[in-house]
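Here are a few worked exercises to try with the model open beside you. Have a go at each one before reading the solution.

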Amino acid sequence: MSKSNDDASKEELIDRMRATKEKWDAEAAASPDGPDETDALLSEAIAMAIDQGKGWSSPAEREKYLENLLDDDFIPPIFAETAEELEKSGLKDAFSALHNDGETPGKNMLEFRTKGNESVALGRKNVAKNMQYYRDAVNHYYESYHWACRIVPKDEDFIPTPEELAAADDDPYFTQKELDEIRSIICSNCALAHMCLKNWGFVRDETKKAIDFNPKNIKALYRLAKAHQMLKNWEEAGNAIDSGLEIEKDNKELLQLQKKLGEKVRKARLQRQKRERARAERTSRIKDVWRYCKEESVDLGRVSLVATVKDDEDEEEGNGTMEARWHHHYPHTGQLPKRQPQGGGGWTWPVLFVYPSHRHSDFIEHFGEDEIIALRMAQMFPEQEEGDCGNETEMPWDYNNEFRCSNLVAYFEVHCIDTDTDKNGKQIIHPECVERLKDQGSAMRFYESSRALKGDEGPEMATVARCMERKHLHHQRKSWIKKHGSLWAKPEPCPVVQVHPAATLGQVLRDENMVVPNFLLTIMLFPADHPAHKEFLKDHKCIAIVEPQEV
């Protein structure tokens with residue numbers, strides 16, 4: 001009974017729509033100006049709705065459709081990204097048949113490739129050197145490649161039926177090998193069009209695709225070598241030339257290019273070998289340093305090498321104060337402790353003396369572990385005897401003559417207190433703080449990133465290192481914000497440990513509170529009576545003192 005009522009309601013609605021349409025059409029026809037374009041479109045839309053307005057055949061069909069929409073696994077066919085998703089929608093056959101009359105992917109692929117070839121030929125014949133021909137060719141090749149990617153290849157042992165043979169002109173078929181060959185030619189031809197436009201980056205990308213489909217495409221290899229030549233990637237150009245000559249050793253174009261670029265390729269390869277040897281030596285040094293630190297209980301740490309996670313990040317968002325916090329470290333990143341071959345094989349460390357009261361610092365590249373702190377301080381800030389230039393120090397920035405060895409107090413900051421962890425026990429680090437290096441691999445990655453960011457490995461490696469460091473910083477920020485709500489919820493200022501001047505550098509390194517950030521030991525010096533010293537101790541609690549020990 002309900003079904004008949006629903007059908008009656010539908011019929012009644014359709015009749016009302018039809019009557020309304022006829023009324024509007026009559027009014028439009030009676031108008032002095034006649035029906036306008038909007039009226040015509042509206043009338044056509046209502047007519048289509050009347051013809052197709054049958055709706056669901058039954059309430060059960062409607063319920064099934066709604067259940068599908070609420071099903072997490074159901075994907076409407078228009079949003080399907082794979083063949084499996086399209087199959088589950090139940091409309092695979094219908095969507096597979098959606099193309100214009102007489103058009104198939106294979107036919108379109110060949111037609112657009114032909115159009116691209118014709119555009120390149122017209123561009124070469126054009127006396128005025130109109131570049132639009134080559135731009136059209138690029139678009140045609142892209143369209144051809146798009147259709148090539150939609151073709152489903154046949155098996156190698158495929159035998160066509162008489163009907164498929166008869167329809168081959170309109171619906172050509174290809175095996176995987178044949179399809180790869182055509183794709184390689186399309187990409188290589190597209191690279192040729194880009195060469196005419198001097199788009200060398202696109203030439204490189206298209207030829208790489210062509211070679212992926214067919215490694216023996218000699219034209220693609222030549223065009224790849226030309227692209228690298230124009231991009232000044234000499235070693236990559238040499239590799240492309242060598243690959244091409246292995247396939248066709250008498251190729252004149254490749255031989256000419258090899259003769260022209262031979263010296264530059266040779267120098268580029270020598271430079272790469274030199275970099276690889278240097279990298280291997282650095283790896284050996286880091287392993288040696290890590291092994292020594294583990295044996296001697298010296299803890300190492302790191303700070304973020306970047307201050308932002310995006311190029312256009314505002315200072316407020318990126319917490320730009322981090323750069324000010326560690327700016328004195330960055331010029332010296334990439335320095336490592338060294339084992340001295342003479343004098344019993346002792347170790348020297350890079351040491352940074354920071355003077356917060358005067359905003360200055362001094363860097364010492366080699367500071368021996370057995371050296372006494374006071375002796376080095378006496379060399380830097382000697383005592384002034386009566387009558388020596390009015391008892392003035394040598395530093396031009398020391399206006400009040402306070403930097404004398406006997407008048408200075410030394411401290412180091414205590415990092416990695418390890419009190420803040422997430423629910424999984426993983427340590428949460430504020431981006432301004434020092435993170436402990438837990439294994440040799442993390443120490444190596446940090447050291448190589450610091451060198452790359454300084455430009456030692458070239459601009460490409462600097463970009464890679466910057467991306468890696470930004471990702472690391474992003475995870476640090478995300479974890480901290482999740483736990484504390486904001487980056488402005490900073491931890492308390494680091495406590496400090498006072499260093500007795502008679503202590504050696506080795507004793508400072510082995511103190512239980514010491515973590516060496518960036519392989520660079522940092523010692524802060526204050527004049528004892530300076531106001532900045534008193535303010536410093538208000539913010540930073542002194543928790544211990546490194547006393548000298550008898551050796």
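**Exercise 1.** How many residues does α9 have, and what distance does it reach from its first C-alpha to its last?

Solution. Keep in mind that this is a predicted model. Start with the count: α9 has 21 residues. Next, take the expected rise of 1.5 Å a residue, which gives 30 Å. Then compare: the helix reaches 31 Å from first C-alpha to last, close to that expectation. Just past the helix, look at Lys 198, which follows α9 and has a positive phi, near 60°.

**Exercise 2.** Work out how enclosed α9 is.

Solution. Buried means under 20% relative accessible area. By that cut-off, 15 of the 21 residues of α9 are buried, so the rest of the structure largely encloses this helix.

**Exercise 3.** Find the largest cavity and say which helices line it.

Solution. First, the tally: there is one cavity of 30 Å³ or more, and the largest has a volume of about 30 Å³. Now list its lining: Tyr 141, Tyr 142, Tyr 145, Ile 186, Cys 187, Cys 190, Glu 206 and Lys 209. Then go by helix: α7 (132-148), α9 (176-196) and α10 (200-213) each supply at least two of the lining residues. Sorted by class, the lining has six nonpolar, no polar and two charged residues.

**Exercise 4.** Is Glu 206 buried or exposed?

Solution. Locate Glu 206 in helix α10. Its relative accessible area is 6%, so Glu 206 is buried. Finally, check its company: leaving out residues up to four places away in sequence, Glu 206 touches Tyr 142, Cys 187, Cys 190, Ala 191 and His 194.

Note on methods. Residues are numbered from 1 along each chain as its sequence is written. This is a predicted model: local features need pLDDT of at least 70, side-chain atom pairs count only at pLDDT 80 or more; totals for chains, interfaces and linings use all residues. Side-chain values use heavy atoms; hydrogens and water are left out. On a 1 Å grid over the protein atoms alone, a cavity is a set of points where a 1.4 Å probe fits but cannot get out, and a pocket is an open set with protein on both sides within 12 Å along at least five of seven lines; lining residues have an atom within 4 Å of a point. Grid points are joined across faces, edges and corners, and a volume is the space filled by probe spheres set on the points. Helices (H or I, at least four residues) and strands (E, at least two) are DSSP runs, numbered from the N terminus. Ala, Val, Leu, Ile, Met, Phe, Trp, Tyr, Cys and Pro count as nonpolar, Asp, Glu, Lys and Arg as charged, and the others, Gly among them, as polar. The expected span of a helix is 1.5 Å times one less than its number of residues. Buried means under 20% relative accessible area, exposed over 50%, partly exposed in between (1.4 Å probe, protein chains only). Contact means heavy atoms within 4.5 Å.
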